[in-house]
Amino acid sequence: MVALVPEALEIERHRAAMVRTDLSKPVRLAIESAIFTENTSFFDYGCGHGGDVTRLANLGCNSTGWDPYYCPDAPIIPADIVNIGYVINVIEDPEERRRALQQAWELTGQVLIVAAQVLISNRSSDQIAYGDGIVTRRNTFQKYYEQAELKTYIDTVLNVDAVPVDLGIYFVFRDAAQAQSFRVSCFRSFATTPRIRIPSKRFEDYQEQLAPLMAFVTHRGRLPVKGELPEETELNKEFGSIRRAFQVILLATDEEDWDTIAYRRSLDLLVYLALTHFGHRPSARKLAPEIKHDIKAFFGTYDEACETADRMLFSLGNPGVVAGCCQRSQIGKKLRNALYVHVSALEQLDPLLRIYEGCASRTIGCLEGATLIKFHTDKPKISYLFYPDFDSEPHPALHTSMQIDLRDLEVKYSDYDTSDNPPILHRKETFVTANYPRYEEFAQLTHQEENWGLLENTSTIGRHKGWQECLAENYADIRGHCVYWREDAQPSQVNALLTARPTLQAGNCLLFMKEIDEVGECSQTIHESTLNLP
């Protein structure tokens with residue numbers, strides 16, 4: 001229950017300001033998104049204690065800020081990037097809230113960063129309803145937005161199309177082309193420059209000179225057009241044309257590798273274009289020149305690219321398409337009603353699944369810290385699962401989960417941080433691709449656990465307590481990513497288990513009371529897991 005508001009309540013708004021030890025998340029994401037350049041100016045509207053202002057100034061940025069309580073005399077000035085972070089959610093007067101957002105936008109030269117609280121895990125009975133929000137125990141006001149509600153609010157007040165960056169964080173761009181370039185970058189898959197595979201004296205003679213061209217084609221998946229590559233004049237003088245220069249590169253590299261990059265770049269664009277269907281699809285003239293060149297190289301015309309993207313998007317409306325894509329996926333862990341994929345593998349999925357996931361991320365941005373993406377196959381939902389210790393813990397516990405209902409974009413949040421029996425992961429290698437840095441280590445652990453018989457009772461080991469009981473029953477201990485005998489196991493207990501499980505005797509698992517760090521030569525039985533994943 002939320003208590004009724006007493007009369008003449010005086011909100012102490014300044015008490016909502018936080019003393020931070022690092023950059024705030026919205027500003028940090030702006031830096032990581034490369035919207036700051038060497039000479040970018042920054043203004044923090046409602047800067048509180050001024051932590052972001054000071055830290056950006058320490059990084060060499062022309063940084064200033066204003067706050068009605070902590071810095072009331074500071075000038076309110078225009079800047080390239082303006083931040084109004086967690087300000088509109090603490091203003092109890094709706095009209096004042098609107099004016100603050102509008103003033104921040106008026107000061108913005110390039111990008112406005114807007115952040116507000118969107119979720120709370122515990123709406124306690126100590127909170128008091130006040131206007132369209134609540135009054136906290138610290139006597140501050142908080143307006144908690146739904147994610148979609150916040151975007152609608154920003155778009156309506158400023159007459160813009162705000163771009164989601166993370167939960168409760170949006171960028172608003174002055175320049176439409178820059179906004180579209182940022183959106184495209186959100187769907188750009190990772191690519192590495194093809195390896196030098198074939199000895200070529202001619203290539204070796206010019207390798208350093210050709211490096212910028214290789215980097216460009218790796219980045220965009222196509223040859224540069226006139227004026228796009230700073231080294232164009234030198235290359236033309238040496239080789240006669242950019243195309244001839246690239247022919248020298250092909251003498252030492254596999255053409256198929258370059259074709260793969262081009263194909264993936266074309267898919268990246270289709271994912272982007274498909275998702276623009278939901279909002280304000282820009283006209284071709286509002287795209288940055290480099291994106292126009294990409295579209296021309298891969299699809300011929302903008303209309304043709306959009307038609308292809310729309311066909312892919314609309315196909316997702318057919319019953320069974322998503323489930324079929326999940327079932328056929330060679331990446332991720334398939335269970336009866338879902339496909340689980342590590343976020344690092346998203347860009348390698350079927351493009352239809354990338355578009356399907358984009359239907360959720362277009363609303364919430366790219367959730368920082370998310371570990372797994374769950375594609376529900378029996379209902380139109382996407383979940384993001386957070387396992388902070390995925391790499392370091394052999395069986396990481398679920399910290400939080402966030403589920404997006406694609407029918408109404410409602411976000412549901414579950415917190416397992418304080419649970420004494422959270423869901424845990426097994427078979428971590430099944431969530432990632434074979435080139436994941438610790439794939440072999442994960443697979444080796446699974447191999448040991450299968451030989452030990454630890455993964456057989458899938459109905460109980462999916463949670464922490466059941467897993468601990470399983471380890472105890474089998475005299476097993478997990479340290480690092482290896483299985484060991486428990487130090488308190490008795491020889492009779494070990495012998496009994498070895499007799500029951502002959503596969504254990506074929507490998508290093510026989511080394512009772514000693515460390516086991518190698519995979520035995522045991523026959524491996526792959527079990528179709530039905531672990532109790534959330």
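This passage describes two helices, three individual residues and the confidence of a predicted model.

The structure is a predicted model, in which local features are taken only at pLDDT of at least 70 and side-chain atom pairs count only at pLDDT 80 or more, while totals for chains, interfaces and linings use all residues. Residues are numbered from 1 along each chain as its sequence is written, and side-chain values use heavy atoms, with hydrogens and water left out.

The protein chain has an average pLDDT of 87, and 89% of the residues score at least 70, pLDDT being the predictor's confidence in each residue on a scale from 0 to 100. Two of the segments with pLDDT under 50 are residues 120–125 and residues 506–534. For residues 120–125 the model has seven contacts beyond four places in sequence, and for residues 506–534 it has 80, where contact means heavy atoms within 4.5 Å. Where pLDDT is low, the predicted coordinates should not be read in detail.

Helices and strands are DSSP runs numbered from the N terminus (helices H or I, at least four residues; strands E, at least two). Helix α13 comprises the 14 residues 351–364, which should span 20 Å at 1.5 Å a residue, and its end C-alpha atoms are indeed 20 Å apart; the expected span is 1.5 Å times one less than the number of residues. A kink of about 35°, centred on G358, is nevertheless present in α13, the bend at a residue being the angle between axes fitted to the seven residues ending there and the seven starting there. Because 13 of its 14 residues are buried, α13 is largely enclosed by the rest of the structure; here buried means under 20% relative accessible area, exposed over 50%, and partly exposed in between, with a 1.4 Å probe and protein chains only. At the start of α13, a side-chain oxygen of D350 comes within 2.8 Å of the backbone nitrogen of L352, and just after the helix G365 adopts a positive phi of about 80°. Within α13 lies R354, which is buried at a relative accessible area of 7% and which, apart from neighbours within four places in sequence, is in contact with F187, L267, D268, V271, L346, E347 and L349.

Helix α3 (residues 94–107) likewise has end C-alpha atoms 20 Å apart, in agreement with the span expected for its 14 residues. The buried residues of α3 are R97, A100, L101, A104, W105 and L107. Seen down the helix axis, these buried residues fall within an arc of 165°, so they line one face of α3, the arc being that of the directions from the helix axis to the C-beta atoms. Among the elements covering them are β1 (41–45), β3 (79–85), β4 (108–115) and α4 (147–158). The N-terminal end of α3 is capped by D93, a side-chain oxygen of which lies 3.0 Å from the backbone nitrogen of E95.

Helix α9 (residues 255–276) contains R265, a buried residue with a relative accessible area of 6%. The side chain of R265 makes a polar contact of 3.0 Å with that of D268 and also reaches the backbone oxygen of T218 at 3.4 Å. A polar contact is a pair of N or O atoms within 3.5 Å; within protein, one must be able to donate a hydrogen and the other to accept it, and residues adjacent in sequence count only if both atoms are side-chain atoms.

S392, in the loop between β13 (381–386) and β14 (400–405), is partly exposed at 47% relative accessible area. Beyond four places in sequence, S392 touches R438 and H481; the C-alpha atoms of S392 and H481 are separated by 8.6 Å, although these residues are 89 apart along the chain.
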